[in-house]
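Q: Could you pick out one small part of this protein and look at it closely with me? I'd like to know what surrounds it, and then how the wider structure is put together.

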Amino acid sequence: MSDSNKILEDITSSEYKWGFVTDIENDSLPKGLSEDTVRFISAKKNEPEWLLEWRLDAFRKWLAMDEPEWSNVKFPKIDFQDIIYYSAPKQKVTLDSLDDIDPELRATFEKLGISLDEQKRMTGVAVDAVIDSVSITTTFKGKLSELGIIFCSMSEAVQEHPELVRKYLGSVVPVTDNYYAALNSAVFSDGSFCYIPKGVRSPMELSTYFRINAANTGQFERTLLIADEGGYVSYLEGCTAPMRDENQLHAAVVELVAMERAEIKYSTVQNWYPGDKNGVGGILNFVTKRGICAGDYAKISWTQVETGSAITWKYPSCILKGDNSIGEFYSVAVTNNYQQADTGTKMIHIGKNTKSRIVSKGISAGKSHNSYRGLVKIMKRAEGARNYSQCDSLLMGDQCGAHTFPYIEVDNNTATVEHEATTSKIGEDQIFYCNQRGIATEKAVALIVNGYCKEVLKQLPMEFAVEAQKLLAISLEGSVG
Amino acid sequence: MLSIKNLHARIEEKEILRGINLEVKAGEVHAIMGPNGSGKSTLASVLAGRSDYEVTSGTVQLNGKDLLDLSPEDRAREGVFLAFQYPIEIPGVSTINFMKTAVNEVREYRGQEPMDAVSFLKLMKEKMKLVEIDESLLKRALNEGFSGGEKKRNEIFQMAMLEPMLAILDETDSGLDIDALRIVANGVNKLKTANNATIVVTHYQRLLDYIVPDFVHVLYKGRIVKSGTKELAMELEEKGYDWIKAEADAQTV
């Protein structure tokens with residue numbers, strides 16, 4: 001091993017800083033999955049009959065499906081009977097005010113840097129905090145509702161706005177879309193719901209913070225965002241989990257619906273526990289995220305910074321149905337140690353003059369594997385559709401892998417599709433150049449990596465971008481902040 | 001200030017520096033000249049601490065400190081600056097951001113507080129003027145898509161920002177047209193004080209019309225075979241290197 005590789009190895013072996021466990025009493029189901037599990041969850045949430053039927057239908061279909069094996073990741077077979085499907089912190093079922101939140105829970109979120117105290121929040125971000133299977137609280141609800149914006153937990157939406165939930169749930173990601181989406185449809189426990197009425201621009205960032213706390217528990221959240229005609233919302237999502245030796249399953253579904261001239265900007269900073277240096281433990285992150293630009297001139301933009309999870313399997317996608325609609329995907333995926341990521345996007349061009357843009361930046365370090373997988377599909381009717389894709393891979397050290405699997409299907413010859421890909425290593429020359437200006441190697445790597453990801457990071461809302469930059473540095477370098 | 005004694009260095013199995021001796025005092029400008037492959041750039045790289053080269057014997061002291069004991073970043077923080085022959089591109093990192101990081105790293109090493117944004121901007125504007133560089137260039141990703149002249153001018157700007165004790169210019173004139181050469185040389189001259197020193201590594205005498213050296217050394221086969229004043233450079237320009245090679249080869253036989 002050359003000197004520079006040794007340096008990289010030293011500085012890429014870092015510690016996970018969000019790995020603490022909160023000691024709270026849980027109300028949990030025993031391990032195992034059956035129709036009864038589905039019925040229990042539905043009953044626990046006091047759901048209407050149609051939703052129970054929808055879940056049961058999903059469950060039956062899931063039983064007949066096979067786990068997908070096409071992705072470029074390897075992990076031990078999941079025993080779906082060895083997972084707890086419902087776990088909720090024990091506290092009063094309904095909260096009269098924020099003061100009623102269990103102090104332990106409040107402290108947990110404070111520790112994660114998320115204040116649930118509306119008064120103290122300076123940044124103007126409304127937060128829905130989800131721990132294990134349930135949403136704990138949603139801040140700023142009152143202020144948002146004055147504008148007609150609905151922002152609440154999925155369980156609450158089912159009770160308060162059943163007509164909206166019924167209309168849109170599963171409309172973008174059908175129950176049988178894939179194995180994990182079917183499983184999620186059967187057992188999803190909570191998540192966030194948001195509706196932006198016609199012509200309303202959300203005055204603040206909306207955000208959901210997901211935390212897995214309990215052991216042996218799977219997290220299956222379901223998020224549904226609808227922006228009606230001319231509406232706008234910027235939505236952020238963050239996640240962490242304690243350090244545990246066993247793998248934990250996270251199978252979420254996110255559906256976005258953008259009507260005519262509506263815009264949804266969805267940003268994720270994914271920092272689930274990645275497992276230890278030897279690849280023990282970590283979250284198995286199988287997520288289905290998809291948005292539809294249902295109306296003309298609609299726009300959906302996905303931005304993701306993926307640093308956590310032992311396995312990441314996710315492809316936030318856009319169905320560009322409306323004419324002149326726009327889909328964007330900006331991604332930074334970092335893998336270190338034994339992490340594996342297979343991530344990318346699908347851009348389905350259906351409407352005329354639809355545009356999509358894909359910018360993917362993969363960074364692999366340690367013994368990890370990082371794959372970009374993307375599909376650009378131009379349908380017959382999509383006159384004048386355009387796509388631009390750029391997929392870059394950065395390798396650190398000589399024991400990691402970077403892979404690119406771009407798929408392009410074009411059925412309309414007026415379309416323009418461009419694909420660019422590069423693979424590079426952090427050069428010794430670059431590091432020496434920084435050193436020669438007085439910059440130590442650790443900081444040099446952080447500087448180079450942040451520069452490499454700049455195009456994606458600048459898509460994130462300000463406060464989030466700063467966090468993401470720090471996270472990148474920490475994921476790769478241990479002490480540099 | 002700088003004292004090099006019997007310095008030997010090799011890359012892999014090939015010995016390139018074979019006993020360099022050089023004394024540089026504060027306020028002086030030294031030119032290192034020599035034919036291709038004589039070890040000029042190797043000397044610059046070894047002083048800056050590039051790990052490709054292995055020092056096999058000899059000592060280098062900067063103000064009494066053993067330079068060879070220090071990491072490349074610590075050498076920089078002690079005041080060694082290398083203007084690269086081929087400046088490196090760092091995509092997505094602007095020169096401003098790069099310099100801000102560098103200046104504060106150096107300040108931290110020296111026990112100084114990091115510079116706030118306002119003071120940094122002020123310093124930057126001042127230095128920009130000094131080396132005649134445009135702010136728009138500094139906002140772009142470092143050296144990415146820069147012309148040869150822009151890259152070299154950017155090196156001199158960085159030198160101005162870091163105010164080194166010892167500046168080593170490695171073939172800074174290569175790839176420059178006459179106007180760019182003049183601007184770069186002017187910058188270097190303006191940065192000269194009684195307390196710092198400059199080593200100019202060059203193949204041609206041309207640069208020395210603008211940066212006038214106090215001493216000229218000719219490097220050949222890893223040794224300084226002849227030293228003199230700027231007249232030596234003129235002589236080389238006129239007669240080429242062959243007579244020096246012949247002289248040196250005759251001595252070693």
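A: Let's agree on one word before we zoom in: two residues touch, or are in contact, when heavy atoms of theirs lie within 4.5 Å. Keep in mind too that this is a predicted model.

Our close-up is B:Leu142, which sits in strand S8 (residues 141-142) of chain B. Is B:Leu142 buried or exposed? Its relative accessibility is 0%, so it counts as buried. Leaving aside residues up to four places away in sequence, B:Leu142 touches B:Ile88, B:Glu89, B:Ile90, B:Val93, B:Ser94, B:Thr95, B:Phe98, B:Asn154 and B:Gln158, plus A:Tyr433 from the other chain. Take B:Ile90 from that list: 52 residues separate it from B:Leu142 in sequence, yet their C-alpha atoms are 5.3 Å apart in space.

Now step along to B:Asn143, in the loop between S8 and H6 of chain B. It too has a relative accessible area of 0%, so it is buried. Its backbone has a twist worth knowing about: phi is positive, about 65 degrees, although B:Asn143 isn't a glycine. For background, most residues other than glycine have a negative phi.

Let's widen the view. Strand S7 (90-94) and helix H3 (95-109) of chain B, along with helix H10 (441-457) and helix H11 (462-477) of chain A, each give at least two residues to the lining of the second largest pocket. That pocket holds about 750 Å³ of space. Its lining has 28 residues, and the ones nearest the centre are A:Leu447, A:Asn450, A:Gln469, B:Asn97 and B:Thr101. Sorted by class, the lining has nine nonpolar, 10 polar and nine charged residues.

Next stop in chain B is helix H7 (residues 178-191), with 14 residues and a reach of 20 Å between its first and last C-alpha, close to the 20 Å expected. Its buried residues are B:Ala180, B:Leu181, B:Ile183, B:Val184, B:Ala185, B:Gly187, B:Val188 and B:Leu191. When you look at how those numbers are spaced, it helps to know that an α-helix has 3.6 residues a turn, so residues three or four places apart point the same way. The cover over the buried residues of H7(B) includes helix H4 (117-130), helix H6 (148-162), strand S9 (166-170) and strand S10 (197-201) of chain B. At the start of the helix, a side-chain oxygen of B:Asp177 comes to within 3.2 Å of the backbone nitrogen of B:Asp179.

Over to chain A, which has 11 helices and 23 strands. Of its 481 residues, 64% count as buried. Among its contacts with a separation of 6 or more, 83% are between residues 24 or more positions apart.

Helix H8 (residues 179-187) of chain A is mostly covered, with nine of its nine residues buried. A:Asn178 caps its N-terminal end, with a side-chain oxygen 2.9 Å from the backbone nitrogen of A:Tyr180.

Another residue to find is A:His349, in strand S18 (residues 340-349) of chain A. With a relative accessible area of 0%, it is buried. Its side chain joins that of A:Ser356 through a polar contact of 2.8 Å. Other residues it touches include A:Leu320, A:Val376, A:Ile378 and A:Met379. In the loop between S17 and S18 you'll find A:Asn337, and it has a positive phi of about 50 degrees though it isn't a glycine. A:Asn337 counts as buried because its relative accessible area is 17%, and buried means under 20%.

Last, the enclosed spaces. The structure holds five cavities of 30 Å³ or more, and the largest has a volume of about 90 Å³. Of the 16 residues lining the largest cavity, A:Ser360, A:Gly362, A:Asn370, A:Ser371 and A:Tyr372 are closest to its centre. S19(A) supplies the largest share of the lining, five residues. Strands S17, S20, S21 and S22 of chain A are among those that each supply at least two. By class, the lining of this cavity has five nonpolar, nine polar and two charged residues.

Methods:
Residues numbered from 1 in each chain as written. Chains lettered and ligands numbered in written order. Predicted model: local features only at pLDDT ≥ 70, side-chain atom pairs only at ≥ 80, totals over all residues. Heavy atoms only, no water. Helix = DSSP H or I, 4+ residues; strand = E, 2+ residues; numbered from the N terminus. Expected span 1.5 Å × (residues − 1). Buried < 20%, exposed > 50% of the residue type's maximum accessible area, 1.4 Å probe, protein only. Polar contact = N/O pair within 3.5 Å; in protein donor to acceptor, adjacent residues only side chain to side chain. 1 Å grid on protein atoms, 1.4 Å probe; cavity = no way out; pocket = protein on both sides within 12 Å on 5 of 7 lines; lining within 4 Å. Points joined across faces, edges and corners; volume = space filled by probe spheres on them. Nonpolar A, V, L, I, M, F, W, Y, C, P; charged D, E, K, R; others polar.
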